[in-house]
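Please open the model in your viewer, with the residue labels switched on, and follow the stops below in order. Each stop says what to select and what is to be found there.

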Amino acid sequence: MPALTPSRPSGRVPLSHNPGSTHTKPVSGKRRLMLQTKLTRQRAMLLANVHLSRLAEREAEAQSDPLDQATEGLEQELAIQTRIRALEQLHRIERALRLIRTQEYGRCRRCHREIPFKRLAVKPDTIYCVPCLTRLEEE
Ligand SMILES: [Zn+2]
């Protein structure tokens, strides 16, 4: 009859239990990886968009018809606005991708509290929590 394997209690207490520590990353493990993937994908999409809008603009310039120029002016204005916004977002995403390797990521720049993961999942490039962003927009 085989002896019972000694069932050692594997309940080792994890050392990471120090409440209120600012040394731990607010977002880590799978969640961080998921956000990182999302950011990388968004960056790739934005880069493609910016590139495409530039190509479209060049095309439009090449086929420029004097009769169309009035509407083209407006369209170009819009295209430029869109591209500026895309570049701004790209900038935020680059920053988030740099931050995600540090303890700073996922922490609000203004109040230094952890930004809820739900918010990060929707907007991984954010650096403010919702209450702070609302206040900043009101100022
Ligand atoms: Zn905040």
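Select Cys111 first: in this predicted model, Cys111 has a relative accessibility of 25% and therefore counts as partly exposed, since the buried class is reserved for values under 20%. Now add Cys132 to the selection, which at a relative accessible area of 3% is buried.

Next, display the zinc ion together with its protein donors, which are the SG atoms of Cys108, Cys111, Cys129 and Cys132, lying 2.3 Å from the metal. If you draw the angles among the four donor atoms, they come to 104 to 115°, and the site is tetrahedral. For comparison, the ideal angle for four tetrahedral donors is 109.5 degrees. Along the chain, the donors of the zinc ion follow the spacing C-x2-C-x17-C-x2-C. Because Cys111 sits in the loop between α2 (69–99) and α3 (117–122) while Cys132 belongs to helix α4 (residues 130–138), the pair ties together parts that are 21 residues apart in sequence.

Stay in this part of the chain and select Thr126, which is found in the loop between α3 and α4. Is Thr126 buried or exposed? With a relative accessible area of 7%, Thr126 is buried. Its side chain has polar partners to display: there is a polar contact with the side chain of Arg119 at 2.9 Å, and a polar atom of the Thr126 side chain lies 3.1 Å from the backbone oxygen of Tyr128. Once neighbours within four places in sequence are set aside, the residues in contact with Thr126 are Ile115, Arg119 and Leu120.

Leu120 leads on to the next selection, as it is listed with Leu35, Leu39 and Tyr105 among the residues that have the most contacts inside the largest nonpolar core, a set of 19 residues. Which elements give two or more residues to this core? They are α1 and α2, and α2 supplies the largest share, six residues. In soluble globular proteins, nonpolar side chains tend to be buried together. To examine one member of the core in detail, centre the view on Leu39 and show what it touches beyond four places in sequence, namely Ile93, Ala96, Leu97, Ile100, Tyr105, Pro124 and Asp125.

Then move to Val50, which is part of helix α1 (residues 29–62) and is buried, with a relative accessible area of 7%. Apart from neighbours within four places in sequence, Val50 is in contact with Arg83, Ala86 and Leu87. A line drawn from the C-alpha of Val50 to that of Leu90 spans 9.7 Å, although these two residues are 40 residues apart in sequence.

Finally, clear the selections, switch to a cartoon and look at the whole chain, whose secondary structure comes to four helices and zero strands, giving the pattern α-α-α-α when read along the sequence. Of the 139 residues of the chain, 22% count as buried. If the contacts with a separation of 6 or more are taken together, 63% of them are accounted for by residues 24 or more positions apart. With a surface representation turned on, you are viewing about 11100 Å² exposed by the chain, of which carbon and sulfur atoms supply 56%.

Notes. Residues are numbered from 1 along each chain as its sequence is written. This is a predicted model: local features need pLDDT of at least 70, side-chain atom pairs count only at pLDDT 80 or more; totals for chains, interfaces and linings use all residues. Side-chain values use heavy atoms; hydrogens and water are left out. Donors are N, O and S atoms within 2.8 Å of the metal (3.2 Å for Na, K and Ca); water is not among the atoms, so sites may look incomplete. Four donors count as tetrahedral if all angles lie between 85 and 135 degrees; four count as square planar and six as octahedral if opposite donors are over 155 degrees apart and all others between 65 and 115; anything else is irregular. Buried means under 20% relative accessible area, exposed over 50%, partly exposed in between (1.4 Å probe, protein chains only). Contact means heavy atoms within 4.5 Å. A polar contact is a pair of N or O atoms within 3.5 Å; within protein, one must be able to donate a hydrogen and the other to accept it, and residues adjacent in sequence count only if both atoms are side-chain atoms. Accessible areas come from the Shrake-Rupley method with a 1.4 Å probe; for residues, only the protein chains shown count as cover. A nonpolar core is a set of buried Ala, Val, Leu, Ile, Met, Phe, Trp, Tyr and Cys residues joined through side-chain atoms within 4.5 Å.
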